[in-house]
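The exercises below are meant to be worked through with the sequence and the structure side by side. Try each task before reading its solution.

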Amino acid sequence: MMKNVYLKYGKEESLFRFHPWVFSGAIHHVDSDVVDGDVVRVLTGKGDFIAVGHYQEGSITVRVLTFSDVPVDDAFWYSRISSALKMRKAIGLAESPVTNAYRLVHGEGDNLPGLIIDIYGKTAVMQAHSIGMHISRKVIASQLMKVFEGRIENVYYKSETTLPFMEPENGFLYGGCTDNIAMENGLLFYVDWLRGQKTGFFVDQRENRALLELYSKGRRVLNMFCYTGGFSFYAMRGGAELVHSVDSSAKAIELTNRNVALNFPDDTRHEAFCEDAFKYLEKAGNRYDLIILDPPAFAKHRGALHNALKGYTRLNVKAFERIQPGGILFTFSCSQVVTKDHFRNAVFTAAAQAGRKVRILHQLHQPADHPINIYHPEGEYLKGLVVYVE
């Protein structure tokens, strides 16, 4: 039987608007035996049912799974995963002949807060961001296998970095195949789901990489914070004159070189450098006319916002100082607390400080397989600009 969480009077308004979070300050009391990871019923101050979700002590105390008073059982997980897959089929991803890497479940965007599932060919990589999802990992994996009816052979669980206080073990819940080559828009890449960042590849930049390809012909390209080299091998297919990839991680540089070689063996246009981004830009000169800035999140909480914006400004100043006249800059922020306006102002401030005239060509965001729940605008995290620099 589910345990209960009772709200303070008047604190249910956001839930009536279907926002999927219950903050600690809205809670009056909870049943005495509630523990982290429990599935709980949320009741209004008058004792009326309002939602079911995962309980976890902290600022966000309940992550809502459903606004219906139903059990969270096998049928529930099957229905939610089926719904997520149906949407990916509708947007042409789940059965694409040229792409077998995409996000199947995107947390709140798929009404499953705290859960991420990325698909790489016949392998699903699952990541929990809440204790409740961690506890449910095996039943989720079993229903995932059932939904895919044999099209998925492996489920790898990877939550050591997202739940470090629990020390969960990464590993296969189903299968065990280590064939880790996937395809995106006809290009191949290695996925390091064992040791790589996130689930092994940043599938959220797929559409932006495809756009970069269209601008690459004849250009000299610099891919900063290259990680697995995604933007680099798209630029090469687009006809770039040369492509330089830079990352401070030696493992990232190794993976970039492997991915470039997988698609363009013995192609001398590409070179990779293991170096700090700011130091590299300091000495880079002005030989590049297409630069990509895709740094890791500079702000992971609101308290870091001010310093993050200063960091984005400083980084973009360096790029504007180095890029050739007529150059194109792809610049991104994946910090959730940095809004589109925050980021745009940081880039404009950088352009002014560098004394360059710029025009916006594109305003970029996360792709359709990273949907934003209309009742949860916080789910919009990736933002980018493509600017032409005079």
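**Exercise 1.** In this predicted model, find how many bridges join strand E1 to E3 and in which sense the two strands run, and then place the pair in its sheet.

*Solution.* Start with strand E1, which covers residues 3-7, and follow it to E3: three bridges join the two, and they run antiparallel. One position to look for is Tyr6, which stands opposite His29 in E3. Next, widen the view to the open sheet, where six strands follow one another in the order E2-E6-E5-E4-E1-E3 with mixed pairing. Its edges are strand E2 (21-23) and strand E3 (27-30), each of which pairs on one side only. Finally, consider the turn between neighbouring strands of this sheet, which is 35° on average when direction is ignored.

**Exercise 2.** Determine the strand order of the open sheet that has five strands, and find which residue stands opposite Ile117.

*Solution.* Reading across the sheet gives the order E7-E8-E9-E10-E11, and the pairing is again described as mixed. The edge strands are strand E7 (101-106) and strand E11 (171-174), since each pairs on one side only, and the twist from one strand to the next averages 25°. Within the sheet, strand E8 (residues 115-120) pairs with strand E9 (residues 123-128) in the antiparallel sense over six bridges, and the residue opposite Ile117 is Met126 in E9. To complete the picture, add helix H4, which lies across E7, E8, E9, strand E10 (154-157) and E11, and which runs at about 55° to E11.

**Exercise 3.** Describe how helix H2 and helix H4 cross, and work out the class of the residues in their contact.

*Solution.* Two packed helices are described by the angle between their axes and the distance between the axes. For helix H2 (residues 74-90) and helix H4 (residues 137-148), the axes come within 9 Å and cross at roughly 50°. That angle makes H2 oblique to H4, and the crossing is right-handed. On the H2 side the contact is formed by Asp74, Trp77, Tyr78, Ile81, Ser82 and Leu85, which meet Val139, Ile140, Gln143, Leu144, Lys146, Val147 and Phe148 in H4. Sorted by class, the contact of H2 with H4 has nine nonpolar, two polar and two charged residues.

**Exercise 4.** Carry out the corresponding description for helix H9 and helix H10.

*Solution.* Helix H9 spans residues 305-322 and helix H10 spans residues 340-354; they pack at an angle of about 45°, with their axes 8 Å apart. This makes H9 oblique to H10, and their crossing is right-handed. The H9 residues Leu305, Leu309, Tyr312, Thr313, Asn316, Val317, Phe320 and Glu321 meet a set in H10 that includes His342, Phe343, Ala346, Val347 and Ala350. By class, the contact has 11 nonpolar, five polar and one charged residues.

**Exercise 5.** Why is the pair of Phe18 and Phe67 classed as edge-to-face?

*Solution.* The structure holds 13 aromatic pairs. In this one, the ring centres of Phe18 and Phe67 are 5.1 Å apart and the planes stand at 85°, so the pair is edge-to-face; the class applies to planes over 60 degrees apart. The pair also links distant parts of the chain, 49 residues apart: Phe18 is in the loop between helix H1 (13-16) and E2, and Phe67 is in the loop between strand E6 (60-66) and H2.

Technical notes: Residues numbered from 1 in each chain as written. Predicted model: local features only at pLDDT ≥ 70, side-chain atom pairs only at ≥ 80, totals over all residues. Heavy atoms only, no water. Axes fitted to C-alpha atoms, helices over the stretch in contact; angles between N-to-C directions. Helix = DSSP H or I, 4+ residues; strand = E, 2+ residues; numbered from the N terminus. Parallel < 35°, antiparallel > 145°, perpendicular 65-115°, else oblique. Left-handed = near helix turned anticlockwise from the far one by under 90°. Contact = heavy atoms within 4.5 Å. Nonpolar A, V, L, I, M, F, W, Y, C, P; charged D, E, K, R; others polar. Pairing = 2+ DSSP bridges. Phe/Tyr/Trp six-rings, centres within 6.5 Å; stacked < 30°, edge-to-face > 60°.
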